Amino acid sequence: MSQKTYAGQPVVRLNNGIDIPALGFGVWQIDDQKVCEDTVIKAIRTGYRMIDTAAIYQNEIGVGKAVQNSGVKRDDLFITSKLWVQDHGYEKAKKAFQRTLDRLQLDYLDMYLIHWPYGDFLGSWKAMEELYHEGKIKAIGVCNFTVEKLEELKADSTIIPAVNQIELHPIFQQKELQVYDRENGIATQPWSPLGNGNADLLNNEALKTIAEKYQKTVPQVILRWHLQEGFVVIPKSVTPSRIEENFNVFDFELTEDEMNVVRSLNTDKRLFFDPKDPEWEQKMLHSVADI
Ligand code: NDP
């Protein structure tokens, strides 16, 4: 298949030569399939070409219907999904991947990610490497991997992950992991790029000042910061006006001083789950998910 161009949108080139739109659309916490379908159709018609779902979001059916009904050809879209913890291991991962394809009504994925680095993720990666070589996945990657887990994976695999999708927003910037990713050719993909709508972040006075200068909003300034850092960013919203707002970030540019203002907001404190927390790991390993 030839390289996709995504209507000329900015892209990031992954370590296997595949381009991914730099700005995509996340669908976590859109539980209802119909709401998800309508929301993703709105996003695609707004211009988003990359959709980020996961088996555990329980909305792959809605995403699949949106892809069918959006009016944009499937091959002009970049669709990502993720392998859930309960499906780790070589055989289980292959079956889970096929279930994901079936729910999405697709015959290939642009990207497939390990959702959390627990259990037999090395067995899963072997399955993903095979699916990649068979052309059923165009790029494989991981989420929530620490440097230690990335090293563990590297020691037992032939493919370096194309992306590492991690919690990353101005409040929690994971600079050490950013550097590791960069030095190893892994694209950093922030999840919760707006801090999941964190009120302190969206009401930050320094960000408001920058936003006023460009007649933009604080979320737009934050998304612009992500893009200028070179990240692949996936804001989520079910609100039509915000879906448009979050896409409307290609007509202004932050100065280096303004980039530094955003960088200075880092507190090194997570808003969400810590991959290294043993309690969280146990919870994930024993979570009961019917997917
Ligand atoms: P965001 O950081 O984009 O935050 C979404 C929240 O912010 C929603 O409550 C939304 O409200 C609100 N919001 C969005 N845009 C605006 C705006 N312009 N102004 C004010 N509020 C706004 O997203 P997520 O936390 O969902 O993370 C993004 C994506 O990352 C997820 O959807 C998922 O695809 C992925 N992810 C991956 C994880 C992983 O482990 N791999 C973990 C978490 C997320 P509303 O919808 O009501 O408009």
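## Pocket linings in a predicted model

Helix H10 contributes three residues to the lining of the largest pocket, the largest share of that lining. Helices (H or I, at least four residues) and strands (E, at least two) are DSSP runs, numbered from the N terminus.

The structure is a predicted model, in which local features need pLDDT of at least 70 and side-chain atom pairs count only at pLDDT 80 or more, while totals for chains, interfaces and linings use all residues. Residues are numbered from 1 along each chain as its sequence is written, and side-chain values use heavy atoms, without hydrogens and water.

The largest pocket (on a 1 Å grid over the protein atoms alone, an open set of points where a 1.4 Å probe fits, with protein on both sides within 12 Å along at least five of seven lines) is lined by 34 residues, those having an atom within 4 Å of a point. Trp28, Gln29, Ser192, Asn196 and Lys236 lie nearest its centre. Its volume, the space filled by probe spheres set on the points, is about 650 Å³. At least two lining residues come from each of H10 (240-247) and H12 (278-285).

The second largest pocket has a volume of about 350 Å³. Its lining comprises 18 residues, with Gln174, Glu176, Leu177, Arg270 and Lys276 closest to its centre. Helix H5 (147-155), strand S8 (163-167) and helix H6 (175-183) each supply at least two of the lining residues, and H6 gives the most, with three.

The table divides each lining by residue class: Ala, Val, Leu, Ile, Met, Phe, Trp, Tyr, Cys and Pro are nonpolar, Asp, Glu, Lys and Arg charged, and the others, including Gly, polar.

| Pocket | Nonpolar | Polar | Charged |
|---|---|---|---|
| Largest pocket | 18 residues | 11 residues | five residues |
| Second largest pocket | seven residues | three residues | eight residues |
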